[in-house]
Amino acid sequence: MSSTLSRDQVLEEMGISPRWVRRDPATAVRSANLGTAARLPTPEVSVTSAQAEPLPLPLPEKRVAPVLDSRVDIAGMNWEDLRQRIKSCQSCNLCTERKQAVPGVGDESASWLFIGEGPGAEEDARGEPFVGQAGKLLDAMLAAIDLKRGEDVYIANAVKCRPPGNRTPEADELAACFPYLQRQIDLIRPKLIVLLGRVAVASVLGQDASLSSLRGKTLSYRAGDREVPVIVTYHPAYLLRNLPDKAKAWEDLCRARALMRSLKTE
Ligand code: URA
């Protein structure tokens with residue numbers, strides 16, 4: 001738990017207040033969400049598209065020829081080389097409009113890996129993932145399950161460069177960037193991956209399925225000879241626009257925390 005926020009404050013930041021729910025569920029959820037809506041800044045253009053339901057999403061052709069050579073190369077890189085390669089990457093058109101590439105942030109041998117969609121305006125300016133409004137909510141979500149950015153947590157994105165106007169990344173952009181994410185997963189060796197939204201799902205699992213069909217399950221990502229458990233939840237930018245779904249995200253995070261506990265005692 002964050003040292004500055006109490007558990008109730010954290011849950012309230014997420015729009016969920018269990019004490020109110022117990023007394024009068026309907027009123028409590030409504031008022032908690034209204035309270036949060038009043039405090040949370042209205043999402044602006046800096047919030048990434050964070051698709052939740054609209055179809056279809058572009059599925060990356062991960063195994064196509066144009067990226068094959070670079071994949072082999074990237075697959076053997078250490079952290080420093082990988083960061084440099086990402087920062088100078090010109091594998092897709094996103095490089096033309098970025099201020100800078102945003103490789104990722106956190107503990108490079110973290111148990112937890114959270115994967116989002118792609119940098120927005122603030123991330124593009126600062127070079128760190130999830131530092132805008134969606135990032136503040138992600139930090140609150142982490143705090144709600146006793147996690148903190150950088151402490152046993154790594155945060156990355158499906159694409160490392162900002163899509164212009166925060167549009168959804170195209171299939172070729174996801175495919176071009178996937179070797180970087182794949183290498184990050186290999187280097188981190190996380191115990192658990194949490195995918196934030198449908199673009200992350202499309203990139204990592206190669207599935208264009210509704211989040212509602214994937215939530216509540218423990219999925220799996222093959223990293224070399226390891227199967228890494230995967231939990232899917234809503235993207236924070238989506239949650240900023242759909243406050244009632246924060247309760248579902250809370251359920252997902254609780255499941256993730258329980259799963260992590262069981263993984264750590266195995
Ligand atoms: N949304 C994302 O998916 N990633 C970021 O880094 C910021 C917003």
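This report describes a predicted model, covering its sheet, two of its helices, its salt bridges and two unusual backbone angles.

## The sheet

Six strands make up an open sheet with mixed pairing, and their order across the sheet is β1-β3-β2-β4-β6-β5. The edges are held by β1 (105-106) and β5, each of which has a single partner strand, so one side of each has no neighbour in the sheet.

Several of the pairings can be followed strand by strand. β2 and β3 run parallel to each other and share five bridges; the bridge partner of Leu113 in β3 is Tyr154. β2 also pairs with β4, again in the parallel sense, over four bridges, and here Ile115 has Leu195 of β4 as its bridge partner. Strand β4 (residues 192-196) pairs in turn with β6 in the parallel sense over four bridges. In that pairing, Val194 is matched with Ile231 of β6. Helix α12 packs on the sheet and touches β2 (112-116), β4 and β6, with a direction at about 160 degrees to that of β6.

## A strand covered on both faces

How many of the five residues of β2 are buried? The count is five of five, and the strand is described as mostly covered. Trp112, Phe114 and Gly116 lie on one side of β2, Leu113 and Ile115 lie on the other, and all of them are buried.

## The edge strand β5 and its hairpin

Strand β5 (residues 219-223) has side chains that alternate between two faces. Leu219, Tyr221 and Ala223 point to one face and are buried, while Ser220 and Arg222 point to the other face and are not buried.

β5 pairs with strand β6 (residues 226-233) in the antiparallel sense, over five bridges. Leu219 has Val230 of β6 as its bridge partner. The two strands form a hairpin with two residues between them, and Gly224 in the turn has a positive phi of about 60 degrees. Arg222 also takes part in a salt bridge with Glu227, where the closest N and O atoms are 2.9 Å apart. Glu227 is partly exposed, with a relative accessible area of 44%.

## Helix α5

Helix α5 (residues 79-87) has three buried residues, Trp79, Leu82 and Ile86. Viewed down the axis of α5, these buried residues fall within an arc of 65 degrees, so they line one face of the helix. A general rule applies to this spacing: an α-helix has 3.6 residues a turn, so residues three or four places apart point the same way.

At the start of α5, a side-chain oxygen of Asn78 comes to within 3.2 Å of the backbone nitrogen of Glu80. Glu80 also belongs to a network of salt bridges that links it with Arg83 and Glu108.

## Salt bridges between distant parts

Side chains of opposite charge can pair when their charged atoms come close. The model has 13 salt bridges in total. One of them joins Asp146 and Arg257, with the closest N and O atoms 3.3 Å apart. Asp146 lies in the loop between α7 (133-144) and β3 (153-157), and Arg257 lies in helix α12 (residues 246-264), so this pair ties together parts that are 111 residues apart in sequence. Is each partner buried or exposed? Asp146 is partly exposed, at 37% relative accessible area, whereas Arg257 is buried, at 13%.

Helix α12 also holds Glu251, which forms a salt bridge with Arg215. The closest N and O atoms of this pair are 3.4 Å apart. Arg215 sits in the loop between α10 (211-214) and β5, and the pair links distant parts of the chain, 36 residues apart. Glu251 is partly exposed, with a relative accessibility of 47%, while Arg215 is buried, with a relative accessible area of 16%.

## Positive phi outside glycine

Which residues other than glycine have a positive phi? Phe130 is one of them, with a phi of about 50 degrees. Phe130 is in the loop between α6 (121-126) and α7, and it is buried, at 6% relative accessibility.

Asp146 is another example, with a phi near 65 degrees. This is the Asp146 that forms the salt bridge with Arg257, and its place is in the loop between α7 and β3.

Methods:
Residues are numbered from 1 along each chain as its sequence is written. This is a predicted model: local features need pLDDT of at least 70, side-chain atom pairs count only at pLDDT 80 or more; totals for chains, interfaces and linings use all residues. Side-chain values use heavy atoms; hydrogens and water are left out. Buried means under 20% relative accessible area, exposed over 50%, partly exposed in between (1.4 Å probe, protein chains only). Two strands pair if DSSP finds at least two bridges between them. The arc is that of the directions from the helix axis to the C-beta atoms. A polar contact is a pair of N or O atoms within 3.5 Å; within protein, one must be able to donate a hydrogen and the other to accept it, and residues adjacent in sequence count only if both atoms are side-chain atoms. A salt bridge is a side-chain nitrogen of Lys or Arg within 4 Å of a carboxyl oxygen of Asp or Glu. Contact means heavy atoms within 4.5 Å. Axes are lines fitted to C-alpha atoms, for helices over the stretch in contact, and angles run from 0 to 180 degrees between N-to-C directions.
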